[in-house]
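Visitor: I would like to look at how some helices pack here and what surrounds the ligand. Could you walk me through the reasoning behind the labels?

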Amino acid sequence: MEIKEEGASEEGQNFLPTPQANDTGEFQFTSIQKTPNEPQLEFILACKDLVAPVRDRKLNTLVQISVIHPAEQGLTRYSSTEIVEGTRDPLFLTGVTFPSEYPIYEETKIKLTVYDVKDKSYDTVRTSVLPEHKDPPSEVGRSFLGYASFKVGDLLKSKEQVLTLSLRTSDGGKVVGTIQVSVVKMGEIEDGEADHITTDVQGQKCALVCECTAPETVSRKDNLPFLNTVLKNPVCKLYRFPTSDNKWMRIREQMSESILSFHIPKELISLQIKEDLCRNQELKELGELSPHWDNLRKNVLTHCDQMVNMYQDILTELSKETGSSFKSSSSKGEKTLEFVPINLHLQRMHVHSPHLKDALYDVITVGAPAAHFQGFKNGGLRKLLHRFETERRNTGYQFIYYSPENTAKAKEVLSNINQLQPLIATHADLLLNSASQHSPDSLKNSLKMLSEKTELFVHAFKDQLVRSALLALYTARPGGVLKKPPSPKNSTEESSSQDPPPPMRRQDSIPHHSDYDEEEWDRVWAHVGKSLNCIIAMVDKLIERDGSGEGDDGSGKDGEKGHSLGDSAITHPQEDWYEQLYPLILTLKDCMGEVVNRAKQSLTFVLLQELAYSLPQCLMLTLRRDVVFSQALAGLVCGFIIKLHTSLYDPGFLEQLHTVGLIVQYEGLLSTYSEEIGMLEDMAVGISDLKKVAFKITEATSNDVLPVITGRREHYVVEVKLPGRMFESLPLQIKEGQLLHVYPVLFNVGINEQQTLAERFGDVSLQESINQENFELLKEYYTVFMEKMPPDYISHFQEQNDLKGLLENLHQNIQAKKRKNVEIMWLAATICRKLNGIRFTCCKSAKDRTSMSVTLEQCSILRDEHQLHKDFFIRALDCMRREGCRIENVLKNIKCRKYAFNMLQLMAFPKYYRPPEGTYGKADT
Ligand SMILES: O=P(O)(O)O[C@H]1[C@H](O)[C@@H](O)[C@H](O)[C@H](O)[C@@H]1OP(=O)(O)O
């Protein structure tokens, strides 16, 4: 008989075997009655009177759970319990759960094999597919004690849904004890006291202390089907732990991938390709340039076209990955997967405890957003961008230095122009349409819209940047004399005290150029406003005349009115409004065309300067930033959607969402040594760039509920669609499309052996400055939260939480400069949870260190919020690390059940970050 291990198949990362019943109906199996989206079957195990093979040997037992699918002969290893030491009557805390998607039927057989573990260090070291064997083999470090099996249907139909089975030796003869299988339901409290079970020998209280937080209420179940459209391949684990008053609490751990891992990068790359194609086109349309600039432009275009081709190739490759929802840690350096986040998962803990109502705790786990393919030899984005800007600022006289703020502004104005021009044209046409219908109301409305958009348009060009760019372009035209390069330095935005003084040879104002008519731009620009005024005047007149005409018994005779531009034609009754307005609209469009033409060219010239300097380095930096941002954005969108769905019926949360925005807290575990410095530098910029993202919630009109992104590099809007029923329950502001903002913060504390080196011989300043800067951001968010949330909410909130104290404590810990001060992470995470934020935990791959951290966080929450019995803290931690979702995460990444830590690394970790014996070792990552 072949024994397979669940989730270890070569093909993949899909944990669930394919359903057994085939389409032709050859097999007919009885489905288990289930609540939608809830696990189909969950049970716990306990053994009694186990017989040791050698007398007087203290047993250390575990149960391995295997499944025999009805249509298959093979045995699939499904899960294991933890090891319970030193007793013949072990009661296991790790239970068994079959998620709703799992192909389990009443006919499915479950086999329970009990082992005596002799050497824990071998325990988890198992091969994926074991050789054919009639009975379970004695593996290294453990010996077979006995087994029992049962049909799922028998368990479900049994009295009180409990089976007590005899455990037999491999020949089926001798009974070596019994095993009890009890079905459990998450919402029901288990009978009986929990005080008779073996306590944790080392039971120590974790040094991390926190105050009680109000647990988030569990989401309404009707949101789950929708959430399941973005979450895939869930892995579920079940535990029961004693509380301090010897009652049982139940914990379900769930880990799911998200199709957003691939969907968001694809959306983003498509947008970036569009943005770059548009820019390339604008560069081509820049008109005639002097030979010097023309050569530069040619060079820039060659590189930019190559870049677009590369993005297109990546998109083509990603599009082939239909249905993918997971990029493993071992693929992190793959070029075609660069934009995809590493090992992105929702890690959820659902707690049902006797004292409190059910609570959910979510953390998104993901590899630090970083450009692994480009590598970290020269550092990461934080350093590279700084270096690039410094060099560019001090460049030779041929170039004009435009600060990142100015180039961003140039892009923004260009984008505004591109949006507003067609919009104004449409409103102008609508106005003409109203005119031809001779409808005063509709004419007034159309005029209102046209005026609003035109005012925005005129406003867009107020910036000094356009003026200086126009002159710069003038000097770059054939015949334009480039004696002194113009500088945007007299722009109000440029006078920021943060900007370093310009180099001495620079000129501080727009130079006077004898042939250049500086006022021409003002005239062209002012024409737009003037022609709009003419239209307004004309519409007023037409309506007024129409009104007075009606009052005049329809004779249409007009009284003597003052004359202004455009009214000369209004001399006849029954005049044709369309004809009166048409020439004025044409003038407006012409004036606008002229402004657009000039402004577009000048601002594109600003972009040319940015690109022309230091090609292709500049484009590689853009690529790096895009890659890192894409990974960060995929995680953020995933976190936002999950948060929205779990808090959809919480009015306080919804109010916070549209009045303040959401805090998004990242816990980084990277070291500030060697390559991980570069990763942290990438990550810091990627996370900070998320400020450029806003969300908008719309009503889904079809089954396609995947988020849609619009915008460009400086500002993206992510549209999240909700089905009508959920959408209806939202506050008006959100339904009206108000943009919802996020406030990302990152706190990093390196914990591994590399960090020990950094602390002893290297430099930890990067981590210190990141933590300090982000503390300021967190404080700012808190201030806005306190100001903007309603007073009655705040007074209740303050009664429940001492946020001020926590912030002070965090600040002190950041200032303290203590080594591996993991208190920083606990405090930041607690503050985030109290502020209703979105939590992230990241290390290089989100596999090993992340697993240690999220399990520690889960157990600390159980201890502090749900009265986990203090003697069971370590045991709960070990259960989760040994047989919980995170060891499955390791398996799906590297096809081996071992955290990739060696002894040396382990010793360097803070105490509670060390996994239990037998779960770590040399692994091929
Ligand atoms: O998930 P990580 O903690 O980033 O995995 C590390 C692990 O911590 C370390 O001990 C090991 O040597 C590897 O570097 C792991 O990184 P991989 O990215 O190779 O999985």
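Visitor: Why are H3 and H10 called roughly perpendicular to each other?

Guide: In this predicted model, helix H3 (residues 260-284) and helix H10 (residues 577-612) pack at an angle of about 110°, their axes being 9 Å apart. Angles of 65 to 115 degrees count as roughly perpendicular, so H3 and H10 earn that label.

Visitor: Which residues make the contact of H3 with H10?

Guide: H3 brings Arg279, Glu282 and Leu283, while H10 supplies Lys600, Thr604, Leu607 and Leu608. By class, that gives three nonpolar, one polar and three charged residues.

Visitor: What makes H5 and H13 roughly perpendicular to each other?

Guide: Here the axes of helix H5 (residues 381-393) and helix H13 (residues 675-688) cross at roughly 80° and come within 6 Å. The range for roughly perpendicular is 65 to 115 degrees, and H5 and H13 are therefore described that way.

Visitor: How many residues of each class are in the contact of H5 with H13?

Guide: There are four nonpolar and four charged residues, and no polar ones. Leu381, Arg382, Lys383 and Leu385 come from H5, and Glu681, Asp682, Ala684 and Val685 from H13.

Visitor: Now to the ligand: which residues come nearest?

Guide: Happy to point them out! Lys844, Ser845, Lys847, Asp848 and Thr925 come nearest, out of 13 residues around the ligand.

Visitor: And how do the residues of that shell divide?

Guide: Four are nonpolar, five polar and four charged.

Methods
Residues are numbered from 1 along each chain as its sequence is written. This is a predicted model: local features need pLDDT of at least 70, side-chain atom pairs count only at pLDDT 80 or more; totals for chains, interfaces and linings use all residues. A residue is near a molecule or strand if its C-beta atom, placed from the backbone, lies within 6 Å of it. Ala, Val, Leu, Ile, Met, Phe, Trp, Tyr, Cys and Pro count as nonpolar, Asp, Glu, Lys and Arg as charged, and the others, Gly among them, as polar. Axes are lines fitted to C-alpha atoms, for helices over the stretch in contact, and angles run from 0 to 180 degrees between N-to-C directions. Helices (H or I, at least four residues) and strands (E, at least two) are DSSP runs, numbered from the N terminus. Angles under 35 degrees count as roughly parallel, over 145 as roughly antiparallel, 65 to 115 as roughly perpendicular and the rest as oblique. Two residues are in contact if their C-beta atoms, placed from the backbone, lie within 7 Å.
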